[in-house]
Amino acid sequence: MQAIRVYRFGEPEVMQLEELPVPEPGPGQVRVRIHAAGVNPVDTYIRSGAYSRLPELPYTPGHDGAGIVDAVGEGVEKVSPGDRVYVAGSLTGTYAEYALCLVDQVFPLPEHVSFAQGAGLGIPYGTAYRALFQKGHLKPGERVLIHGASGAVGLACLQWARAWGAHVLGTAGTGEGLELVRAWGAEAVFLHRDPGYEEQILQWTGGRGVDLIVEMLANVNLERDLRLLARRGRLVIVGSRGRIEFSPREIMRAEAVVTGFVLFDTPAEERRQIHEAIGAGLRTRLLDPVVRLTLPLAEAPCAHRLVLEPGARGKIVLVPESI
Ligand code: NAP
């Protein structure tokens, strides 16, 4: 099978397409014929070697994917060959024609959801659910600011928060991003590159601020966010790419709760709830992942550059040439 392999951590070009044997599923394992693999920012942090948890070299990147179950190991009853599934984690990496997964890393993918969309579920929708509900305790009628709403996690937050009855405000860094965020139902959109955008947000809320912020770039926005929060508001840090200096007094002023998480550390029961919620959201057509770009597997280096550039508009996915 064709698979991307990484022999040393470094720049995107360390990812090379190679021929590897098709892996055989052991007991409790499932082999998935990958039709699309999701590209997440964390894949780039791992590939560069700048992440707290690194795989042994060589490895095949990719946490998310979607495809068709192709073989199952002893004791697997949850899925059968021929089933459409999305993959949230695997034993062998999803940037490949086949991925070996534990049975609890695969979930049903309804007919009406494309494989490219399925590849955008695991990390983005898992993160969105955890941020809004498990950590942010969002309630219907509250105002939530999705700070970085044009990306994969942001659009997932938008779809869920809106359906939950929250008033959603979203930011993006480009005009196209803003249009997308508005098209997916944000009541108000703001350009996060605009120096006056915080004032506009405060004005929109009548000076009261927002009840919850889901923050994609805390090292840039944390201090400002605290001024945008309503009293006793909550701030959930999803993304941060550096350090920040700020006055903790802002937390006291707002009596704010500031929290964060790493999706990979989610306890098993809460992980189970996340995938129950994704499954229900797909079946009822509430969730509808936005795919921005599909590239061949061999273009993984290009995908890793693009996913870190400004101008997000949903998910980037990789597709094996044989599909
Ligand atoms: P993505 O698709 O690349 O989207 C990135 C988002 O951040 C875009 O909406 C982008 O807007 C926005 N952004 C850029 N500069 C910003 C700024 N100054 N202020 C506010 N927003 C800004 O990435 P993603 O998959 O949605 O992930 C978002 C972040 O969360 C990444 O840093 C990722 O590593 C992190 N993450 C963390 C976890 C976790 O477990 N904690 C899980 C998943 C993701 P424009 O491009 O329009 O400027």
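Which domains supply at least three residues each to the lining of the second largest pocket? Domain 1 (2–121 + 290–319) and domain 2 (124–264) both do. The model is a predicted one. The points below go through its pockets, its cavity, two helices, one strand residue and a few backbone details.

1. **The second largest pocket.** This pocket holds about 720 Å³ of space. It is lined by 27 residues, and G62, H63, G89, S90 and F264 are the closest to its centre. Three helices, α1, α3 and α9 (268–283), each give at least two residues to the lining. By class, the lining has twelve nonpolar, twelve polar and three charged residues.

2. **The largest pocket.** Its volume is about 1300 Å³. Of the 50 lining residues, P41, Y45, M216, G239 and R241 are the closest to the centre. Here, too, domain 1 (2–121 + 290–319) and domain 2 (124–264) each contribute at least three residues to the lining.

3. **What builds the largest pocket.** Helices and strands both take part. The elements that each supply at least two lining residues include the helices α1 (41–48), α3 (122–135), α4 (152–163), α7 (218–228) and α10 (300–308). Strands β9 (167–172) and β15 (315–319) each do so as well. In chemical terms, the lining of the largest pocket has 25 nonpolar, 17 polar and eight charged residues.

4. **The cavity.** How many cavities of 30 Å³ or more does a search of the whole structure find? The search finds one. The largest cavity has a volume of about 50 Å³. Its lining is made by G120, P124, Y125, G151, A152, L155, A156, P289, V290, G314 and K315. Helices α3 and α4 each supply at least two of the lining residues. Helix α4 gives the most, with three. Seven residues of this lining are nonpolar, three are polar and one is charged. Domain 1 (2–121 + 290–319) and domain 2 (124–264) each provide at least three residues to the lining of this cavity.

5. **Helix α7.** The buried residues in α7 are A218, N219, N221, L222, D225, L226 and L228. Why do they line one face of the helix? Seen down the axis of α7, the buried residues fall within an arc of 145°, so they line one face. As background, an α-helix has 3.6 residues a turn, so residues three or four places apart point the same way. The buried residues of α7 pack against the strands β8 (143–147), β11 (210–215), β12 (229–237) and β13 (257–260). They also pack against helices α6 (197–204) and α8 (249–254).

6. **Helix α10.** In α10, the buried residues are A300, P301, A303, H304, L306 and V307. Their cover includes the strands β1 (2–6), β2 (15–19), β3 (29–39), β14 (291–296) and β15. Helix α1 is also part of that cover. Both α1 and α10 are among the elements that line the largest pocket.

7. **C101.** Where is C101 found? It is in strand β6 (residues 98–102). C101 is buried, with a relative accessible area of 0%. Beyond its neighbours within four places in sequence, C101 is in contact with G28, Q29, V30, V32, V87, G89, S90, L91 and V106. Take S90 as one of these: C101 and S90 are eleven residues apart in sequence, and their C-alpha atoms are 4.4 Å apart in space. G89 and S90 also appear among the residues closest to the centre of the second largest pocket.

8. **A cis peptide bond.** Most residues other than glycine have a negative phi, and most peptide bonds are trans. The bond from L57 to P58 is cis, with omega near -10°. P58 sits in the loop between α1 and β4 (64–72).

9. **Positive phi at H137 and R285.** Neither residue is a glycine. H137 has a phi near 50°. This residue lies in the loop between α3 and β8. H137 is partly exposed, with a relative accessible area of 47%. R285 has a phi of about 65°. The loop that holds R285 runs between α9 and β14. R285 is exposed, at a relative accessible area of 58%.

Definitions and conventions. Residues are numbered from 1 along each chain as its sequence is written. This is a predicted model: local features need pLDDT of at least 70, side-chain atom pairs count only at pLDDT 80 or more; totals for chains, interfaces and linings use all residues. Side-chain values use heavy atoms; hydrogens and water are left out. On a 1 Å grid over the protein atoms alone, a cavity is a set of points where a 1.4 Å probe fits but cannot get out, and a pocket is an open set with protein on both sides within 12 Å along at least five of seven lines; lining residues have an atom within 4 Å of a point. Grid points are joined across faces, edges and corners, and a volume is the space filled by probe spheres set on the points. Helices (H or I, at least four residues) and strands (E, at least two) are DSSP runs, numbered from the N terminus. Ala, Val, Leu, Ile, Met, Phe, Trp, Tyr, Cys and Pro count as nonpolar, Asp, Glu, Lys and Arg as charged, and the others, Gly among them, as polar. Domain bounds come from an automatic or database domain assignment. Buried means under 20% relative accessible area, exposed over 50%, partly exposed in between (1.4 Å probe, protein chains only). The arc is that of the directions from the helix axis to the C-beta atoms. Contact means heavy atoms within 4.5 Å.
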